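Q: Hi! Could you walk me through this structure?
A: Happy to, here it is.
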Amino acid sequence: MPPGHGRTLRAAAQEVTFKVTGEHSRVSSSFEVAVPPGFDVGAHVHARSEELFYVLEGELEMLAFEPRVRTGGDWRGWESPTGARPVRAGPGTVVVVPPGCPHAFANRTGKPARMFFQASPPPGHERYFEELIGILDRAGPPDAAAIAELRARYDIEQLTPLRHGP
């Protein structure tokens, strides 16, 4: 897939370009994701899916561990039993998330970030992104009930809220 190619879905809160879909692979789906300043996907867990994140540009705050306590609200203060804390991830950082592992990413800088994202198995994340972009593209804050219903259908247990904006 050449640079700049692939089907792109855009909303004020996120931009996702499909690079490899279930049409092409039985193993995984791959996406390039633009993460605007202020976007926080919220901590969440997949019972069956495995994910890989590779930061291409900018900086993201990232979490991928089971915390001592799963508190609501904000995952930034979480700590694992071994002392792991969320990290500032710059270009070249790779995060692999096995099934059942809480994880999150957020752009807390004033500049956009880009990452390569891979989810296995396909095509669940493809369909999820299509529906999520539709919800995020609506005016005003994200519809928490609509996002919760969407995530429940796509193997996503939301632990802290999705946020976007300054």
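A: A quick term to begin with: buried means under 20% relative accessible area, exposed over 50%, and partly exposed in between (1.4 Å probe, protein chains only). This is a predicted model, where local features need pLDDT of at least 70 and side-chain atom pairs count only at pLDDT 80 or more, while totals for chains, interfaces and linings use all residues. Residues are numbered from 1 along each chain as its sequence is written, and side-chain values use heavy atoms, with hydrogens and water left out.

Q: Thanks! Is Glu130 buried or exposed?
A: Glu130 is partly exposed, at a relative accessible area of 35%.

Q: And which side chain does Glu130 meet in a salt bridge?
A: That of Arg7, at 2.4 Å from N to O. A salt bridge here puts a side-chain nitrogen of Lys or Arg within 4 Å of a carboxyl oxygen of Asp or Glu. Arg7 is partly exposed too, at 44%.

Q: How many salt bridges are there in the whole structure?
A: The search finds 18. Another one pairs Arg108 with Asp40 (3.5 Å, N to O). Asp40 is buried, with a relative accessible area of 4%, whereas Arg108 is partly exposed at 29%.

Q: Switching topic, how many residues does the largest nonpolar core have?
A: It has 44, and Phe39, Phe129 and Leu136 are among those with the most contacts inside it. Such a core is a set of buried Ala, Val, Leu, Ile, Met, Phe, Trp, Tyr and Cys residues joined through side-chain atoms within 4.5 Å.
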